[in-house]
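Welcome, and take a moment to look over the fold below. The report after it walks through a few of its parts, one at a time.

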Amino acid sequence: MNSKQANAVKELAAPVNKVLEELEWDCPECEGYGHRIVHREDFRIIHGDWKPRPCSTCNGTGKIKYSWTPQVGEWCYNERMGSPPELISEVDLSRDTSIRVGQYIWTNPVFRTPILEWKTIEEILEKAGYYFEEPIKRVYGSEGSKCHCVIKKLGNPKPVGVAWADSRIRAVYEAIKELGKEQAKKKGANDEPDKNR
Ligand SMILES: [Zn+2]
């Protein structure tokens, strides 16, 4: 992604990141159990109401939520300052995460919003059980050429995010925004009255 491409989707980066942060998947450490995997052999030895200690990776929830870990070569921007896209040239994860953009080093870049590559987004989606239905490609139609992106969840034939846009990255970002609407609908489904009656 070059700076022009990053700039073209900048205003969608914050809502997209918010949607991604809602995604979760089974903790790879405990495989979703929330505690150390106890084998039958252990049960034979340990009796009573002994419980394994909560998994330290997921704090016993069994789930991992997506959160951005900055990478060298990624674009980000400062949402508060409305800065142009900034390229991350150094990352130090040793104590507080710090990143270098241009001549500046920022510690704990909480106000930075990532402008992720569509491939990176695909990897995050796959962890949470979503996928792009087909390779995102340019389709020629009556309105000229547009890129088409369809997101589905494994085991569900109904798309959860569909978008047409002028570029592949924009199509992905727009489709993720649609996925966000589905997430919000699901959240509000229990307390909102049925409006479609
Ligand atoms: Zn765990």
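Helix α2 lies across β3 (75-78) and β7, and runs at about 100° to β7. Here helices (H or I, at least four residues) and strands (E, at least two) are DSSP runs, numbered from the N terminus. Angles run from 0 to 180 degrees between N-to-C directions, and axes are lines fitted to C-alpha atoms, for helices over the stretch in contact. Two residues are in contact if their C-beta atoms, placed from the backbone, lie within 7 Å.

Please keep in mind that this is a predicted model, in which local features need pLDDT of at least 70 and side-chain atom pairs count only at pLDDT 80 or more, while totals for chains, interfaces and linings use all residues. Residues are numbered from 1 along each chain as its sequence is written.

**The chain as a whole**

The chain has five helices and 11 strands. Of its 197 residues, 24% count as buried. A residue is buried if 20 or more other C-beta atoms lie within 10 Å of its own, exposed if 12 or fewer, and partly exposed in between, with C-beta atoms placed from the backbone. Among the contacts with a separation of 6 or more, 50% come from residues 24 or more positions apart.

**Two helices that cross**

Besides lying across the strands β3 and β7, α2 (residues 10-21) also meets helix α5 (residues 168-188), and their axes come within 9 Å and cross at roughly 45°. The two helices are therefore oblique to each other. On this scale, angles under 35 degrees count as roughly parallel, over 145 as roughly antiparallel, 65 to 115 as roughly perpendicular and the rest as oblique.

Which residues of α2 meet α5? They are Leu-12, Pro-15, Val-16, Lys-18 and Val-19, and on the α5 side their partners are Tyr-173, Ile-176, Lys-177, Leu-179, Gly-180 and Gln-183. By class, this contact has seven nonpolar, two polar and two charged residues. Ala, Val, Leu, Ile, Met, Phe, Trp, Tyr, Cys and Pro count as nonpolar, Asp, Glu, Lys and Arg as charged, and the others, Gly among them, as polar.

**The five-stranded sheet**

Now to the strands. An open sheet of five strands has the order β6-β5-β4-β3-β7, with antiparallel pairing. Two strands pair if DSSP finds at least two bridges between them. At the edges are β6 and β7, each of which pairs on one side only. From one strand to the next, the twist averages 45°.

Strand β5 (residues 98-101) is a good place to look inside this sheet. In a regular strand the side chains alternate between the two faces of the sheet. Along β5, Ile-99 and Val-101 point to one face and are buried, while Ser-98 and Arg-100 point to the other and are not. On one side, β5 pairs with β4 (residues 86-92) in the antiparallel sense over four bridges, and Asp-92 stands opposite Ser-98. A hairpin of five residues joins β4 to β5.

With β6 (residues 104-107), β5 again pairs in the antiparallel sense over four bridges. Ser-98 stands opposite Thr-107, and Arg-100 has Ile-105 as its bridge partner. The hairpin between β5 and β6 has two residues between the strands, and Gly-102 in the turn has a positive phi of about 60°.

**Residues in loops**

Just where does Asn-108 sit? It is found in the loop between β6 and β7 (112-115). Leaving aside its neighbours within four places in sequence, Asn-108 is in contact with Asp-96 and Thr-97. Asn-108 and Asp-92 are 16 residues apart in sequence and 9.9 Å apart in space, C-alpha to C-alpha.

Here are two loop residues that have a positive phi although neither is a glycine.

| Residue | Phi | Loop | C-beta atoms within 10 Å |
|---|---|---|---|
| Glu-31 | about 55° | between β1 (24-26) and α3 (40-45) | 11, exposed |
| Asn-59 | about 55° | between α3 and β2 (63-65) | 11, exposed |

**A hairpin in the open**

Finally, consider strand β9 (residues 137-141). Of its five residues, the number buried is zero, so β9 lies largely in the open. It pairs with β10 (residues 144-153) in the antiparallel sense over five bridges, and Tyr-140 has Ser-145 in β10 as its bridge partner. A hairpin joins β9 to β10 through two residues.
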